[in-house]
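Here are a few short exercises to work through with the structure at hand. Try each task before you read its solution.

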Amino acid sequence: MADRFEQIFRTLTGHAPLRWQTRLHTRFMTGDLPPALDLPTGLGKTSVMAVWLAARIMGAKLPNRLVYVVDRRTVVDQATEEAEKLARNAAGLLAGDTLAISTLRGQHVDNRRWMEDPAAPAIIVGTVDMIGSRLLFQGYGVSTGLRPFQAGLLGADTLLVLDEAHLCPPFQALLASAAGDAALRPPVPLVPPFHLMALSATGENTANAFALADEDKRDDFVSTRLAAAKSLSFLATDGKLDEQLARSAQALAETHGGRIAIFCTSREVAQKVAARLDDKKAKRPEGAVVLLAGARRVKEREDARRGLVAAGFLTPGMDDADTPILPGPTFQVATAAGEVGIDLDADHAVMDLVAAERMIQRLGRVNRKGGGDRIAHIQVIDAAADKEQADAAARRDTCRHLLESLPPLADGGVDASPRALRALRDNPLLKASSTPAPLYPALDRPTLDAWAMTSLRTHPGRPDIAPWLRGWVQEDDPDVTLVWRRWPWEGERHRLPDDKALETFFDKARPRLVEQLEAPRSLATKVLADRAKKVDWNGNTIVVLALGDGIAKLRLDDLRDKKKRDPFFDNAPAGTLFIIHHAMGGLDAQGLLSSDADHPAPCLDDGWEEADQRVAGLRIVERVTGEPDPPTDAPGWRLVERIALTAPDQPDTERFLAIETWRDGDQESGGDPAIRRRTQELPDHLVWARKEADELAERLGLPPPYRAMLAAAAAVHDQGKARPLWQRAMGVPRGAPPLAKTTGRGANPALLKINGETYRHEFGSLLDLERDAGPLADLPDDLRELALHLVASHHGYARPWIAPVDPDPRTSLQSHRDRAAQAALRFARLQAHWGPWGLAWWEALLRAADQRVSRRLDKEGA
């Protein structure tokens with residue numbers, strides 16, 4: 001078995017496995033998944049993905065999905081690159097399956113490949129917020145209809161690998177509860193389990209952890225990494241911190257050359273250091289100084305990643321073949337964004353002194369590979385931060401004592417090699433010099449049940465999930481999310497459309513993750529206020545929109561007025577997106593907030609290339625009536641909405657705003673799932689859905705009664721679409737056979753409004769099944785109830801609420817209300833039995849089968 005593992009691992013990764021990877025694989029083959037991995041930085045912790053995949057190829061009974069969580073939104077996602085390489089190299093090894101790769105952060109915004117086949121292997125990479133919010137049924141940036149679908153697939157049949165677990169103790173505690181708390185997962189063994197594996201390099205969170213054994217250290221790779229030579233010394237504080245950091249970095253470059261990393265706690269200090277090093281008088285080649293900081297959009301973070309490759313701090317990836325590598329010396333100036341989640345490798349470094357766990361991460365980014373006579377010189381400046389709290393000063397002082405206790409070296413420094421740092425884990429100063437974990441709430445069943453009621457717009461018992469992800473953190477200056485957009489409908493009048501058109505616009509052109517910039521509220525409001533003073537516009541011009549439950553507007557004069565500006569930003573609900581008029585500026589050439597950036601900010605609808613728009617999956621263009629729409633029967637851009645660009649009282653009505661989404665091959669796009677490239681007749685769709693659900697159940701190994709239940713639910717799930725009103729609303733010509741999917745031409749969804757509510761075909765299906773249970777009649781009572789819920793909820797409704805309206809003329813309003821109440825009670829009974837994640841998993845199976853059929857029929861025709 002060991003020989004076969006080595007062969008498969010070498011095929012997947014391009015190199016032989018280390019001893020620790022072979023030992024971990026042996027445990028995986030028996031289904032023994034350790035709760036934690038305690039490994040030093042630089043030993044390839046991301047290879048846990050390759051070990052998992054190799055074990056699956058060899059027949060191990062492991063979860064179908066591996067979720068890799070990295071806490072920092074940084075310029076590169078090392079885990080995604082590793083996963084994509086595995087997917088390419090695994091071709092032909094997965095017995096007909098392909099490895100789906102999805103990223104819930106960074107450049108590769110969620111392609112939803114991981115949702116297409118619950119029985120196939122998938123790797124999902126994301127941040128704490130993106131994965132955690134989806135696991136708790138509150139997915140950030142996810143429609144309410146999709147939330148149970150994603151929660152079900154994440155909360156069952158999943159191995160979640162939490163990298164740098166020491167950075168997020170609240171989230172680790174949440175995941176431990178999700179994996180092991182019986183109150184959250186009733187004992188129904190049919191639902192595949194959820195496993196947690198925490199990774200850390202700091203010596204914390206190591207209970208029952210898989211750690212290096214003595215035999216592992218005999219690997220040349222491991223021993224070289226552990227012994228990587230690093231000489232650390234302290235510099236006396238001398239003048240301003242930014243001046244001293246820049247001066248010390250320049251001295252290291254002149255003495256030793258190579259790649260110099262500079263780490264700064266403060267963003268302002270980092271920007272000043274970068275400016276000093278990049279001064280024209282230094283006559284450095286363009287790109288020799290790279291600033292790595294947060295508060296940037298994904299697009300600019302990707303630009304910075306390419307800069308780090310060119311400067312030699314990152315190993316080139318597949319997309320970097322044409323990137324020229326600059327001669328040294330080069331400089332990387334980083335805030336906390338460069339400390340974790342990115343495989344940086346510098347030759348030497350200078351940094352300010354911070355808490356112990358952050359120092360360990362920073363030191364791991366210098367001379368990572370070791371070997372030969374290579375030795376890194378690291379200089380630390382013990383300088384107090386502005387307005388430093390007493391406890392932070394005490395931790396910094398203790399951290400200095402901890403580092404000074406490292407073995408002395410002949411050059412006057414101390415030994416900061418990984419081996420020496422690991423020896424500190426038993427030192428009592430380590431805990432005292434590390435940042436204490438914030439307080440956080442325990443996850444309980446009533447709270448999870450409240451979050452799982454996703455079809456309720458509001459719920460008094462549904463708290464904000466942030467404390468469960470990050471803890472109760474005192475946020476005097478919380479982050480806000482900014483998006484720059486052009487006001488494309490304005491002409492020269494800076495005019496906004498009416499509120500209804502504006503809501504339609506942002507419903508169809510919802511800001512994408514790649515556009516969003518998160519920054520401290522004080523910094524964001526300061527820069528915007530500064531820009532407001534420099535813009536010579538009419539004071540009534542709307543310059544900021546707040547997208548929350550509704551759309552709030554801020555005029556230019558209000559942005560200039562602190563008494564109106566502060567409440568607008570401070571009182572906005574959690575999750576609000578602030579849309580900034582792009583001509584306000586505020587973004588410098590590196591994508592950082594700047595009061596001096598007076599040029600319009602390049603944005604998705606003004607300044608981005610089509611390639612960037614494809615990454616976002618959205619473009620907004622002006623068109624003229626009579627121009628052909630993008631074709632609906634081929635991959636590419638698809639028109640989803642038109643908005644007139646002129647006021648109703650003006651004669652020129654030819655121009656309109658076209659909102660188009662990018663659909664690559666069979667990838668799901670936004671909009672109504674009933675709208676497809678080809679029409680699909682309802683009977684055919686139901687037959688194929690039943691077959692797809694049956695095959696999915698077989699591949700998952702479900703027992704025959706449950707396999708029959710899932711197939712029966714799929715066979716009737718869309719019966720409510722046969723209503724004549726639904727057919728007319730979707731643009732089906734009178735007299736034509738009923739369709740399950742239409743192309744959307746001639747559609748008028750407003751026809752589905754009845755008594756102020758919108759008719760849902762799932763609700764109509766329930767009525768049809770009351771009259772004739774069809775294939776559900778042969779099911780036992782408990783499975784028939786589950787099947788009825790799957791029919792009612794397959795688009796995210798009936799959790800617990802679904803609109804009690806039906807155009808069937810033979811029914812009454814009271815009967816509709818009774819049926820909706822029965823659906824709500826059914827949801828409550830089933831969730832009590834299966835648990836929130838278990839019930840959502842069942843829903844995800846039917847929904848995935850339904851979508852697979854739609855994609856296949858799009859390709860092949862009905």
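**Exercise 1.** Place E843 in the fold and decide whether its side chain is buried or exposed.

*Solution.* Begin with the secondary structure: E843 sits in helix α29, which covers residues 836-860. Keep in mind that this is a predicted model. Next, take the relative accessible area of E843, which is 5%. Buried means under 20%, so E843 is buried. Finally, list its contacts, leaving aside residues up to four places away in sequence: E843 touches P148, H789, L790, S793 and R799.

**Exercise 2.** Find out how many disulfides the model has, then look at the surroundings of C399.

*Solution.* A disulfide needs two cysteine sulfur atoms within 2.5 Å. By that rule the count is zero. For C399, the nearest cysteine sulfur belongs to C264 and is 16 Å away, and C399 is in no disulfide. Now check accessibility: C399 is buried, at 0% relative accessible area. C603 also counts as buried, with 0% relative accessibility.

**Exercise 3.** Check the length of helix α4 (residues 78-89) and work out where its buried residues point.

*Solution.* First the length: with 12 residues at 1.5 Å a residue, α4 should span 16 Å. Its end C-alpha atoms are 17 Å apart, which agrees. Then pick out the buried residues of α4, namely A79, T80, E82, A83 and L86. Viewed down the helix axis, they fall within an arc of 160°, so they line one face of α4. An α-helix has 3.6 residues a turn, so residues three or four places apart point the same way. Last, see what this face meets: the buried residues of α4 pack against α1 (2-13), α3 (48-57), β2 (65-69), β3 (100-103) and β4 (122-126).

Key
Residues numbered from 1 in each chain as written. Predicted model: local features only at pLDDT ≥ 70, side-chain atom pairs only at ≥ 80, totals over all residues. Heavy atoms only, no water. Helix = DSSP H or I, 4+ residues; strand = E, 2+ residues; numbered from the N terminus. Buried < 20%, exposed > 50% of the residue type's maximum accessible area, 1.4 Å probe, protein only. Contact = heavy atoms within 4.5 Å. Expected span 1.5 Å × (residues − 1). Arc of directions from axis to C-beta.
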